[in-house]
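This briefing introduces a protein structure for a reader who is new to the subject. Please look at the sequence and the model before reading the points that follow.

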Amino acid sequence: LRKRAICYGAISPFTKEEMTRLLAIPAEKIHVIPCAADPALRRVGDEKTLEAVRERYGLPERYLLFVGNFNPRKNLTRLMEAFDLLKSRPAGAGWKLVIAGEQGWKFDREKALAAIRCREDVLFPGYVAREDLGALYSMAGAFLFPSLYEGFGIPILEALSLGTPVVCSETSSMPEAGGEGALLIDPLDTEEIAQGIFTLLTNQGLRRRKIEAGLQHAAGFSWEASAAKLLALYREMMS
C-alpha cells in the first residue's frame, strides 16, 4: 500500500515553530495558512452610527480598547495596572479603558479593580455584537493587546485594518500579526506597557506612521488568499 501523505496547517510562522519544537513535526510538513481580519469590518465615520453604538454600550468620549475574552493569558491585570500608571501622567487625563468581551475564566475582575486607583475609569461593556465592532474600533484612541501568548492574534489585525493604532506584545505570534504597524512591548513589564501607550498617544508623528504601516500590513492578509493556499494544499495531497 502507498504510504499516506500527511501534512499540517499552521496559522502563523510562530505556530509552525511551536509545532516543530513541541510535537517534533518536521518543518517541511507544516504549511503556514494565516488568518485575516473579517472583511465585513469597516471603519465607521457616520456620526449617528457612532453615537448609537456609544449609547448602546455606555462608551465614553475618549477610550483605549481591548477586545477578547478574559482568560489569564490575556494579561488583563497588568493591562489595568499599566493604565493606572498612565493615568498618573498628564497625558492620561480624560482617557478611559474599555475592556470588551466575555468574562472567560480565572479572571477576578473585582480583585483587579481593587488593586488600582483609577478603577472608575475602567469599563466592561460585555459582549459586543459583530456588527458593532467596526464602530468600537473606529472610536478607540488605541487598541491594546498585551497578551502573553497567541497563535495568531486576529484582534490586532482587525484594529490595524481599520486604522486604529496598536500596542501589543513582542511575544509569540503577535509581532507577525502586527508587523510594522504595531508598537511592541514586553507584556510582563507594566511600566513598559504604560510607556508604549503614552508614546502612541503623545508622539503624533509616530502615531501617523504606525497607522499607515498598519493599514498596509493588514492589506496583505485575506481569507480569500488563505482559502486559496488551503485548496492548493488539498490538491497537492490528493495528487
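**The parallel strands at the centre of this briefing**

Strand β3 (residues 63-67) and strand β4 pair in the parallel sense over five bridges. The model is predicted, and the points below describe the strands, the overall chain, two pockets and some individual loop residues.

**Strand β3 and its partners**

- Within the pairing of β3 with β4, Y63 has K96 in β4 as its bridge partner.
- V67 of β3 likewise has a bridge partner in β4, namely A100.
- β3 also pairs with strand β6 (residues 142-145), in the parallel sense and over two bridges.
- In that second pairing, L65 has F143 in β6 as its bridge partner.
- Five of the five residues of β3 are buried, so the strand is largely enclosed by the rest of the structure.
- In a regular strand, side chains alternate between the two faces of the sheet.
- Both faces of β3 are covered: Y63, L65 and V67 are buried on one side, and L64 and F66 are buried on the other.

**Strand β4 and the crossovers**

- Strand β4 comprises residues 96-100 and is mostly covered, with four of its five residues buried.
- β4 is joined to strand β5 (residues 122-126) by three bridges, and these two strands run parallel.
- In this pairing, L97 stands opposite V122 in β5.
- From β4 the chain passes through helix α4 (residues 109-114) to reach β5, and this β-α-β crossover is right-handed.
- A right-handed β-α-β unit is also made by β3, helix α3 (residues 76-87) and β4.

**The chain as a whole**

- The protein chain contains 10 helices and eight strands.
- How does the radius of gyration of the protein chain relate to that of a compact globule? A compact globule of 239 residues would have a value near 18 Å, and the protein chain has 19 Å, so the two agree.
- Along its principal axes, the C-alpha trace of the protein chain spans about 70 × 35 × 35 Å.
- Buried residues account for 48% of the 239 residues in the protein chain.

**The largest pocket**

- Rolling a probe the size of a water molecule over the atoms shows where empty space is left.
- The largest pocket holds about 320 Å³ of space.
- Its lining consists of 18 residues, and those nearest the centre of the largest pocket are V67, G68, N69, R130 and P155.
- One of these residues, V67, is also among the buried residues of β3.
- Helices α5 (130-139) and α6 (154-161) each supply at least two residues of the lining of the largest pocket.
- By class, the lining of the largest pocket has nine nonpolar, three polar and six charged residues.

**The second largest pocket**

- The volume of the second largest pocket is about 170 Å³.
- There are 14 residues in the lining of the second largest pocket, and A37, P39, S161, A218 and F221 lie nearest its centre.
- The elements that contribute two or more residues to the lining of the second largest pocket are α9 (204-218) and α10 (223-238).
- This lining comprises 10 nonpolar, two polar and two charged residues.

**Individual residues in loops**

- Most residues other than glycine have a negative phi.
- A24 is not a glycine, yet its phi is positive, at about 60°.
- A24 is placed in the loop between α1 (13-23) and β2 (30-32).
- Is A24 buried or exposed? A24 counts as exposed because its relative accessibility is 63%, and the cut-off for exposed is over 50%.
- N75, a residue other than glycine, also has a positive phi, near 65°.
- N75 is found in the loop between β3 and α3.
- With a relative accessible area of 4%, N75 is buried, since the term buried applies under 20%.
- A129 lies in the loop between β5 and α5.
- A129 has a relative accessibility of 17% and therefore counts as buried.
- A129 and V98 are 31 residues apart in sequence, and their C-alpha atoms are 15 Å apart in space.

How values were computed
Residues numbered from 1 in each chain as written. Predicted model: local features only at pLDDT ≥ 70, side-chain atom pairs only at ≥ 80, totals over all residues. Heavy atoms only, no water. Buried < 20%, exposed > 50% of the residue type's maximum accessible area, 1.4 Å probe, protein only. Pairing = 2+ DSSP bridges. Right-handed = clockwise from strand over helix to strand, strands pointing away. 1 Å grid on protein atoms, 1.4 Å probe; cavity = no way out; pocket = protein on both sides within 12 Å on 5 of 7 lines; lining within 4 Å. Points joined across faces, edges and corners; volume = space filled by probe spheres on them. Nonpolar A, V, L, I, M, F, W, Y, C, P; charged D, E, K, R; others polar. Rg over C-alpha atoms; globule rule 2.2 N^0.38 Å.
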